[in-house]
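Let us walk through this structure step by step, moving from a single contact outward to the chain as a whole.

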Amino acid sequence: MPFGISIWELLILLVVLLLIFGAKRLPEMGKSLGKGMREFKEGVTGVEESVRTTTPTPPAELPAAPSEPAASAQATETERETVS
């Protein structure tokens, strides 16, 4: 048996639960326990799926900086015009 519980221990536990909660309340408790376990399982698998499917977004590209040679060529042309 699971968890080292024999059949006799399980029967005694069920009888005690029946005496404490009553025959009407036990099925309701089992149903709510099963529903809670199902919702927990769905929540855990939902988190796992979202972690698996989330892909890292690529970093945003920086705007292209003006190249150094083109800027210095313009400055040289401007200097030549003023000197002439």
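Which residues does L18 touch, not counting residues up to four places away in sequence? In this predicted model, L18 touches A23 and L26 once those sequence neighbours are set aside. The place of L18 is in helix α1, and with a relative accessibility of 42% the residue counts as partly exposed, because that value lies between the 20% limit for buried and the 50% limit for exposed.

Helix α1 itself covers residues 7-21. Its 15 residues, at 1.5 Å a residue, should span 21 Å, and since its end C-alpha atoms are 21 Å apart, the expected and the modelled span agree. Just after α1 comes G22, which takes a positive phi of about 90 degrees.

In the segment before α1 lies F3, which counts as exposed because its relative accessibility is 81%, where exposed requires over 50%. F3 also belongs to a nonpolar patch on the surface, formed together with I5, I7, W8, L10, L11, L13 and L14, and these residues together have about 850 Å² of accessible area.

Helix α2 takes in residues 25-53, and in this helix the side chains of E28 and R25 meet in a salt bridge, with an N to O distance of 3.4 Å. Side chains of opposite charge can pair when their charged atoms come close. The two residues are 3 residues apart in α2, so about one helical turn separates E28 from R25. An α-helix has 3.6 residues a turn, so residues three or four places apart point the same way. Neither partner counts as buried: E28 is partly exposed because its relative accessibility is 43%, and R25 is likewise partly exposed because its value is 44%. The count of salt bridges comes to 1.

Stepping back to the whole, the protein chain has 3 helices and 0 strands, and read along the sequence it follows the pattern α-α-α. Of its 84 residues, 0% count as buried, and the accessible surface of the chain comes to about 8,100 Å², of which 67% belongs to carbon and sulfur atoms.

How far the details may be read depends on the confidence of the prediction. The mean pLDDT of the protein chain is 77, and 69% of its residues reach 70 or more. Among the elements of the chain, α1 has the highest mean pLDDT, at 91, whereas helix α3, residues 68-83, has the lowest, at 56. Where pLDDT is low, the predicted coordinates should not be read in detail.

How values were computed:
Residues are numbered from 1 along each chain as its sequence is written. This is a predicted model: local features need pLDDT of at least 70, side-chain atom pairs count only at pLDDT 80 or more; totals for chains, interfaces and linings use all residues. Side-chain values use heavy atoms; hydrogens and water are left out. Patches are made of residues with over 30% relative accessible area and no salt bridge: like charges are joined within 9 Å, nonpolar side chains (Val, Leu, Ile, Met, Phe, Trp, Tyr) within 5 Å. Accessible areas come from the Shrake-Rupley method with a 1.4 Å probe; for residues, only the protein chains shown count as cover. A salt bridge is a side-chain nitrogen of Lys or Arg within 4 Å of a carboxyl oxygen of Asp or Glu. Helices (H or I, at least four residues) and strands (E, at least two) are DSSP runs, numbered from the N terminus. Buried means under 20% relative accessible area, exposed over 50%, partly exposed in between (1.4 Å probe, protein chains only). The expected span of a helix is 1.5 Å times one less than its number of residues. Contact means heavy atoms within 4.5 Å. pLDDT is the predictor's confidence in each residue, from 0 to 100.
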